[in-house]
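Biologist: I'm new to this one and a bit lost. Could you pick a single strand, look at it closely, and then show me how the rest of the chain fits around it?

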Amino acid sequence: QDGGYLYTLGATGDVTITWDITVGALPTGLSLSAEGVISGTPTTVESQNFTVRATNASGNDTQALTLAVAAVATGDGAARDGRRSTSRGLLRLGGRG
């Protein structure tokens, strides 16, 4: 899908791990599945701080993350960016301390 994003979160532990967001939200147009897949098409240049929780039979753990959308696709397939157009590095996911 043009301008789409797909990233799978990872964790160690029991095989069945479910994911959810406990604090904050993903950038507009993205969602997190219970399987830990962040997907969708970002619609706004923005940066969002959020906390994910991984839960399994042994308990749960959380991690604070930041996901930055540097550019979004326009209807004509071009990139629209708050600062500049780019064809790579449109999204950046990083941990926060």
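**A close look at strand E4**

Modeller: Let's start with a pair you can find by eye: serine 31 sits opposite serine 39 in E4. Keep in mind that this is a predicted model. E4 covers residues 37-40, and the strand across from it at that serine pair is E3, residues 30-32. The two run antiparallel and are joined by three bridges. Another pair to look for is leucine 32, which faces isoleucine 38 in E4. Follow the chain from E3 to E4 and you'll see a hairpin, with four residues between the strands. Glycine 36 lies in that turn, and its phi is positive, about 90°.

Now go to E4's other neighbour, E1, which spans residues 5-8. Here the pairing is antiparallel too, this time over four bridges. Threonine 8, for instance, stands opposite valine 37 in E4. Put the pieces together and you get an open sheet of three strands, in the order E1-E4-E3. E1 and E3 are the edge strands with a single partner each, so each has one side with no neighbour in the sheet. On average, neighbouring strands here are turned by 15° against each other, ignoring direction.

Next, look at the two faces of E4. In a regular strand, side chains alternate between one face of the sheet and the other. In E4, Ile38 and Gly40 make up the covered face, while Val37 and Ser39 are on the uncovered one.

Ile38 also leads us further into the structure. The largest nonpolar core has 15 residues, and Ile38 is among those with the most contacts inside it, together with Leu9, Trp19, Leu32, Val52 and Leu67. Two of these names, Leu32 and Ile38, are the residues that face each other across E3 and E4. The elements giving two or more residues to this core are E3, E5 and E6. As a general point, nonpolar side chains tend to be buried together in soluble globular proteins.

Trp19 is worth a stop of its own. Leaving out neighbours within four places in sequence, tryptophan 19 touches residues including Leu9, Leu32 and Val52. Its contacts also take in Gly36, the glycine from the E3-E4 turn. Arg53 is on tryptophan 19's contact list as well, and arginine 53 has a partner of its own: it forms a salt bridge with aspartate 20, with the closest N and O atoms 2.5 Å apart. Aspartate 20 is in strand E2 (residues 18-24) and arginine 53 is in E5, so the pair ties together parts that are 33 residues apart in sequence. The structure holds one salt bridge. Aspartate 20 counts as partly exposed at 25% relative accessibility, and arginine 53 does too, at 29%.

That brings us to E5 itself, residues 46-56, which runs antiparallel to E6, residues 59-69, with 11 bridges joining them. They form a hairpin with two residues in between. If you want a pair to check, alanine 54 has aspartate 61 in E6 as its bridge partner.

One last spot, away from E4: alanine 71 lies in strand E7, residues 71-73. Alanine 71 is buried, with a relative accessible area of 3%. It is 26 residues from valine 45 in sequence, yet their C-alpha atoms are 5.6 Å apart in space.

Notes:
Residues numbered from 1 in each chain as written. Predicted model: local features only at pLDDT ≥ 70, side-chain atom pairs only at ≥ 80, totals over all residues. Heavy atoms only, no water. Buried < 20%, exposed > 50% of the residue type's maximum accessible area, 1.4 Å probe, protein only. Pairing = 2+ DSSP bridges. Axes fitted to C-alpha atoms, helices over the stretch in contact; angles between N-to-C directions. Salt bridge = Lys/Arg side-chain N within 4 Å of Asp/Glu carboxyl O. Core = buried A, V, L, I, M, F, W, Y, C linked by side-chain atoms within 4.5 Å. Contact = heavy atoms within 4.5 Å.
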